[in-house]
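Hi everyone, thanks for coming. I'll put a structure on the screen, and then we'll walk through it together.

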Amino acid sequence: MTTFRFIDLFAGLGGFHVALEALGGKCVFAAEIQPHLQSVYEDNFGLKPTGDIRSVVPSEVPDHDVLCAGFPCQAFSKAGDQAGFNCSRQGTLFFDVVAILQEKRPRHFILENVPNLLQHNEGKTYARIKQDLEALGYCVTERKFSPHHFGIPQVRERAYIVGRLGSLAGFAWPEREVQPTDITDVLLDSPDDAKPLSEKTRLCLTVWNRFLELSPPEVDLPSFPIWSMEFGATYPFEETTPYAERARGGAEALSAYLGTHGKPLAGLPLDEQWKTLPSHARTAQEQFPKWKKDFIRANRKFYADNRHWIDPWLPSVKPFVSSHQKFEWNVKGGERNLWKYVIQFRASGVRVKRRTTSPSLVAMTDTQVPIIGWQERYMTPRECAKLQSLGHLKYLPEPQGRAFAALGNAVNAKVVEKVARALLLQPCHSLEERTPPERVTILEAA
């Protein structure tokens with residue numbers, strides 16, 4: 001088997017390490033800022049990562065053939081503030097990767113990030129990334145993949161960026177596999193460490209299951225997110241917003257409307273009026289974006305068409321926090337019993353999915369771990385590790401919360417292996433070839 005040297009930046013649990021070692025590679029350097037992950041990495045691979053990459057001197061990094069980096073994604077993720085390169089803490093870490101590429105000139109690199117990286121700032125962020133990599137003499141290409149494209153029961157799309165000095169001649173992205181997946185393939189039999197559902201969680205799920213039970217069979221349940229706080233609301237949203245109305249006329253301007261779950265705004269002080277609106281309606285905007293208008297309009301119509309069976313149910317959902325008042329039924333046409341499916345609590349709502357795949361693992365708190373409805377329990381860290389193709393790792397972080405967070409940030413080892421195999425294992429491109437280092441001027445981070 002071909003032997004090559006690679007480095008693992010932002011190493012985390014070592015998804016890149018697992019993938020490239022399986023292809024015959026030897027890891028000669030790793031970097032990971034979190035001390036507890038450094039320890040777990042050393043326990044699993046016998047190599048202790050250095051710390052903050054910003055303190056790494058590029059010339060002191062060992063020579064290597066492949067640079068791997070899943071640089072932090074929060075600055076580019078739709079789930080974050082999307083500050084990009086303007087995020088002083090994480091957005092500029094890409095340039096530390098560039099500095100090592102410039103100094104050491106490995107023949108190949110493999111980068112991984114959230115898919116939104118490719119569209120961030122109208123594509124300008126990725127255009128800048130690609131420009132800097134190409135300025136070093138790399139031929140660069142990118143593609144989005146999810147584990148379910150390769151038989152792993154998890155939908156978690158990520159952007160993969162690969163490069164080779166000089167040319168990518170002969171390289172072809174791995175073909176997506178068309179095959180059914182089933183989350184039961186990664187589930188353990190009655191695991192002892194499975195966290196049971198809290199009474200609060202069970203109550204919320206029971207209330208939403210009652211919603212499903214009450215829905216008449218002839219009613220087509222929405223595929224769009226159900227926002228129960230719009231059931232009965234009348235505040236303006238098409239041509240203006242509560243923010244714009246309040247700016248123009250104060251409390252009086254909103255007094256004629258109804259807020260969350262139809263609660264009257266009349267007679268309330270301005271601050272109380274504002275709190276009585278749905279959280280998604282309290283943004284400082286003169287106009288809502290089209291997608292938000294569409295969701296509000298669709299929810300109000302669904303309520304108007306079905307209030308005869310929704311109204312008796314509605315009081316039961318009102319005590320919940322905002323995110324638990326939202327519901328995503330991704331089981332169109334399936335049996336209306338959420339306990340038959342995979343469930344996840346997200347900021348966007350209570351999400352229900354078929355057993356074919358797990359929801360995307362995120363750098364999650366304990367409450368965001370997927371729930372196995374038919375066993376009324378959360379998935380375990382070991383099961384989530386299998387979703388990231390890291391199930392054979394001997395050690396995972398402890399306690400469970402740290403394991404879940406690390407797994408949510410991990411790269412999927414099987415997907416990386418597929419990409420790396422296509423890039424590296426080609427007879428016509430020797431891994432021993434190395435372009436002599438040359439000094440290339442890279443623009444400093446904005």
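I'll begin with the whole chain and then go through a few places in it.

So, what you see here is a predicted model. The protein chain comes to 11 helices and 12 strands. It has 446 residues, and buried ones make up 55% of them. Now take the contacts between residues at least 6 apart in sequence: 68% of those join residues at least 24 apart.

Okay, let's go to helix 11, residues 413-424. Does its length add up, or not? Well, the helix has 12 residues, and at 1.5 Å a residue they should span 16 Å. The C-alpha atoms at its ends are 15 Å apart, so that agrees.

Which residues of helix 11 are buried? They are Ala413, Val415, Val416, Val419, Ala420, Ala422, Leu423 and Leu424. And what covers them? The cover includes strand 1 (4-9), helix 1 (15-22), strand 3 (66-69), strand 4 (108-113), strand 5 (138-145) and strand 6 (158-165). Have a look at the N-terminal end too, where asparagine 412 acts as a cap. One of its side-chain oxygens lies 3.1 Å from the backbone nitrogen of lysine 414.

Asparagine 412 turns up again when we look for holes. How many cavities of 30 Å³ or more are there in the whole structure? The search finds one. The largest cavity has a volume of about 30 Å³. Its lining is Glu112, Phe145, Ser146, Pro147, Arg156, Arg158, Tyr160, Asn412 and Val415. So you meet the cap of helix 11, Asn412, and the buried Val415 once more in that lining. By class, that gives four nonpolar, two polar and three charged residues.

While we're on empty space, here's a pocket. The second largest pocket holds about 150 Å³ of space. Around it you'll find Pro225, Trp227, Ser279, His280, Thr283, Trp291, Lys292, Phe295, Lys326, Glu328 and Ser348. Which element gives the largest share of that lining? That's helix 8, with three residues. Helix 8 (290-310) and strand 8 (326-330) each supply at least two. Sorted by class, the lining has four nonpolar, four polar and three charged residues.

Next stop, glutamate 32. You'll find it in the loop between strand 2 (25-31) and helix 2 (35-45). Is it buried or exposed? Its relative accessible area is 7%, and buried means under 20%, so glutamate 32 counts as buried. A polar atom of its side chain lies 3.0 Å from the backbone nitrogen of glutamine 34. Leaving aside neighbours within four places in sequence, glutamate 32 is in contact with Phe10, Ala11, Gly12, Leu37, Gln38, Pro49, Thr50 and Gly51.

Two of those contacts, Leu37 and Gln38, take us into helix 2, where they are among the buried residues. The others buried there are His36, Val40, Tyr41, Asn44 and Phe45. What covers the buried residues of helix 2 includes strand 1, helix 1, strand 2 and helix 10 (400-409). Right after helix 2 comes glycine 46, with a positive phi near 75°.

That brings me to some backbone oddities. Most residues other than glycine have a negative phi, and most peptide bonds are trans. Here are some places that go the other way. Asparagine 121 has a positive phi, near 55°, and isn't a glycine. It's in the loop between strand 4 and helix 4 (124-135), and it's partly exposed, with a relative accessible area of 45%.

Serine 389 isn't a glycine either, and its phi is positive at about 60°. This serine is in the loop between helix 9 and helix 10. At 19% relative accessibility, serine 389 counts as buried, because the cut-off is under 20%.

Proline 399 lies in the loop between helix 9 (381-387) and helix 10 as well. The peptide bond leading to it from glutamate 398 is cis, with omega near 0°.

Last one: lysine 340, in the loop between strand 8 and strand 9 (342-346). It's partly exposed, with a relative accessible area of 35%. Not counting residues up to four places away in sequence, lysine 340 touches Glu335, Arg355 and Trp374. Its C-alpha atom is 8.3 Å from that of arginine 354, which is 14 residues away along the chain.

That's my tour, thanks for listening!

Key. Residues are numbered from 1 along each chain as its sequence is written. This is a predicted model: local features need pLDDT of at least 70, side-chain atom pairs count only at pLDDT 80 or more; totals for chains, interfaces and linings use all residues. Side-chain values use heavy atoms; hydrogens and water are left out. Helices (H or I, at least four residues) and strands (E, at least two) are DSSP runs, numbered from the N terminus. The expected span of a helix is 1.5 Å times one less than its number of residues. Buried means under 20% relative accessible area, exposed over 50%, partly exposed in between (1.4 Å probe, protein chains only). Contact means heavy atoms within 4.5 Å. A polar contact is a pair of N or O atoms within 3.5 Å; within protein, one must be able to donate a hydrogen and the other to accept it, and residues adjacent in sequence count only if both atoms are side-chain atoms. On a 1 Å grid over the protein atoms alone, a cavity is a set of points where a 1.4 Å probe fits but cannot get out, and a pocket is an open set with protein on both sides within 12 Å along at least five of seven lines; lining residues have an atom within 4 Å of a point. Grid points are joined across faces, edges and corners, and a volume is the space filled by probe spheres set on the points. Ala, Val, Leu, Ile, Met, Phe, Trp, Tyr, Cys and Pro count as nonpolar, Asp, Glu, Lys and Arg as charged, and the others, Gly among them, as polar.
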